[in-house]
Amino acid sequence: MTDFPWLTTIILFPIVASLFIPFLPEKNGIWEKWYALIIGLIDFSLIVYAFATEYDFSQPGLQLVEKYSWVPDLDLNWSVGVDGLAMPLVLLTGFMTTLAILAAWPVTLKPKLFYFLMLAMYGGQIAVFAVQDMLFFFLVWELELIPVYLLLSIWGGKKRLYAATKFILYTAGGSLFILVAALAMAFYGDTVTFDMSAIAAKDYALNFQLWVYAGFLIAYGVKLPIFPLHTWLPDAHGEATAPVHMLLAGILLKMGGYALFRMNAGMLPDAHAYFAPVLVILGVVNIVYAAMTSFAQRNLKRKIAYSSISHMGFVLIGLGSFTDLGMSGAVLQMVSHGLIGASLFFLVGATYDRTHTLMLDEMGGVGQKMKKIFAMWTTCSLASLALPGMSGFVAELMVFIGLATSDAYSSTFKVIVVFLAAVGVILTPIYLLSNLREIFYGPENKELIEHEVLQDAEPREVFIIACLLVPIIGFGFYPKMLTQIYDATTHQLTERLRASVPSLGQPAVAKAEQPFLSLVAPKIGEQ
């Protein structure tokens, strides 16, 4: 069935299915819940089947390619395909969105609209990773913002309108840079095309590449998010419900990382040689700043949100490493963080449903009555602090070694980066374990016990966390299960980036003879 339009079906099926939700019978949202869950499971099954039968690990290029002409004069097409960068994230999207629908079981407010938005997001998020046309990429990137805005502004907390407005202003504002940069690349040269492969093959002047790269970095830096474009995320997480948390942490942040790989590094390799040290520095800032800021947070959601920002810094370091190991670690970190971040935010929601507070000062000793939730919190926190045997440990270790062994940077620069990133890694277990202590240990808060019924986890919640822990532990013990999907693609990308830097692979020039920038990245001084 190689001619079957797998990706088009996977993208459009949940979107078309969402249009039938208004016609379901009214019965306290029961029909909507089961309908959305069944559609999610069917679509995820299609993703897994297409991956198992049609995807070839050894091929670095696009697979499952489909192309249908729309505006031939502009070479504008419905063009989709996946490679090693996209396929793991498509699988993650199907898995995470299906679990998020199950996590949304308690939702009773406007269930038809809620599950319509969840299914519409399902297809839209997969489209972001699969579309191979720049204009369509911009359109699906923008359309995905609308469901998130509505999910925040209708089902969020007390400051939901503020958080939703801030989210849309930041992300829509950043998207303008995508449109301008995409149009500039499409119209550059003698031919006009929006096909990503054709755009990547154009011969751009270096100055043009630098400006376009900067524009993309701002746009995708908002979504990743990169300091100082990150401030929308703690507010959004602070007001979101558990299923929206899972989509934000599990999928939306990965869109920024994916786009940096696909467009910044993949299409603008010469500019990447200049921006790579900037990405590494921004990654270190993300790790250390967000980890330290997490200490100061007394709101549980905001504490985990800053932890999320900190962990995404490793993606930037890996992307700027110019090594196969660093690149591979960055992709693994995106998938790993999607799973771990979603598990922590789901547990935040489960804890809030019982305590009706997010303030750590108002908790304490709840582990005595919520033993299952305590056990799940402990396991997921250990995964987040990169305990050996968990996926986070492997991903961060690969990034560390990838940068430390890179021949693209001076020894001084690498020592400083590795030391500061290690400080962030050390801070993570401190604030996460302190978090556990404040919630579950110590004497019970009598006022909380008197006013709230602290029921332990129900089977649905245990099942969701178990589903997330299986790949977290599986990738931790056997990372090749995931890395073999994208190794061929990341190796090809690394070779292309290194080819854009003539000094790599050649004898190093004496550091004292190089200009200032080359002390950070010798390649810059030798181009």
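User: Buried means under 20% relative accessible area, exposed means over 50%, and partly exposed lies in between. With that in mind, is F322 buried or exposed?

Analyst: In this predicted model, F322 is found in the loop between α13 and α14, the latter covering residues 324-355. Its relative accessible area is 1%, and the limit for a buried residue is under 20%. F322 therefore falls in the class called buried.

User: What is the phi of F322 near?

Analyst: Most residues other than glycine have a negative phi. F322, a residue other than glycine in the loop between α13 and α14, has a positive phi instead. The value for F322 is near 60°.

User: Which class of accessibility does H356 belong to?

Analyst: H356 has its place in the loop between α14 and α15, where α15 spans residues 371-384, and its phi is positive, near 55°. Its relative accessible area is 47%, and values that are neither under 20% nor over 50% form the class in between. H356 is therefore partly exposed.

User: What is omega, about, for the peptide bond that joins L224 and P225?

Analyst: Most peptide bonds are trans. The bond that joins L224 and P225, however, is cis, and P225 is found in the loop between α9 and α10, with α10 covering residues 232-239. For this bond, omega is about -5°.

User: The peptide bond from F227 leads to which residue, and is the bond cis or trans?

Analyst: The residue that follows F227 across this bond is P228, which is found in the loop between α9 and α10. The omega of the bond is near 5°. The bond from F227 therefore leads to P228 and is cis.

User: How are helices α9 and α12 oriented to each other?

Analyst: Helix α9 takes in residues 206-223 and helix α12 residues 269-296, and the two pack at an angle of about 45° with their axes 8 Å apart. Angles under 35 degrees would count as roughly parallel and those from 65 to 115 as roughly perpendicular, whereas an angle of about 45° belongs to neither group. The passage of α9 past α12 is a right-handed crossing. The two helices are therefore oblique to each other.

User: How many of the residues in the contact of α9 with α12 are nonpolar?

Analyst: On the side of α9, the residues that meet the other helix include L206, L210, Y213 and L217, while those of α12 include P269, H272, Y274 and F275. When the residues of this contact are divided by kind, two are polar and one is charged. The nonpolar residues number ten.

User: How are helices α5 and α6 oriented to each other?

Analyst: Helix α5 covers residues 134-143 and helix α6 residues 145-155, with their axes 4 Å apart and an angle of about 5° between them. In this contact W141, E142 and L143 of α5 meet L145, I146 and P147 of α6, and these residues divide into five nonpolar, no polar and one charged. Since the limit for this class is under 35 degrees, α5 and α6 are therefore roughly parallel.

User: How far apart in space are V417 and I281, C-alpha to C-alpha?

Analyst: V417 is found in helix α17, which runs over residues 411-440, and it is buried, with a relative accessible area of 4%. Apart from neighbours within four places in sequence, V417 is in contact with V280, V284 and L403. Although V417 and I281 are 136 residues apart in sequence, their distance in space is 7.4 Å.

User: Which residues are in contact with S307, leaving aside its neighbours within four places in sequence?

Analyst: S307 has its place in helix α13, made up of residues 300-319. With a relative accessibility of 2%, S307 counts as buried. Once the sequence neighbours within four places are left aside, its contacts are S294, S384 and Y431.

User: What radius of gyration does the protein chain have?

Analyst: The protein chain contains 22 helices and two strands, and buried residues make up 61% of its 527 residues. A compact globule with that number of residues would have a radius of gyration near 24 Å, and the value for the chain agrees with this. The radius of gyration of the protein chain is 23 Å.

Terms used: Residues numbered from 1 in each chain as written. Predicted model: local features only at pLDDT ≥ 70, side-chain atom pairs only at ≥ 80, totals over all residues. Heavy atoms only, no water. Axes fitted to C-alpha atoms, helices over the stretch in contact; angles between N-to-C directions. Parallel < 35°, antiparallel > 145°, perpendicular 65-115°, else oblique. Left-handed = near helix turned anticlockwise from the far one by under 90°. Contact = heavy atoms within 4.5 Å. Nonpolar A, V, L, I, M, F, W, Y, C, P; charged D, E, K, R; others polar. Rg over C-alpha atoms; globule rule 2.2 N^0.38 Å. Buried < 20%, exposed > 50% of the residue type's maximum accessible area, 1.4 Å probe, protein only.
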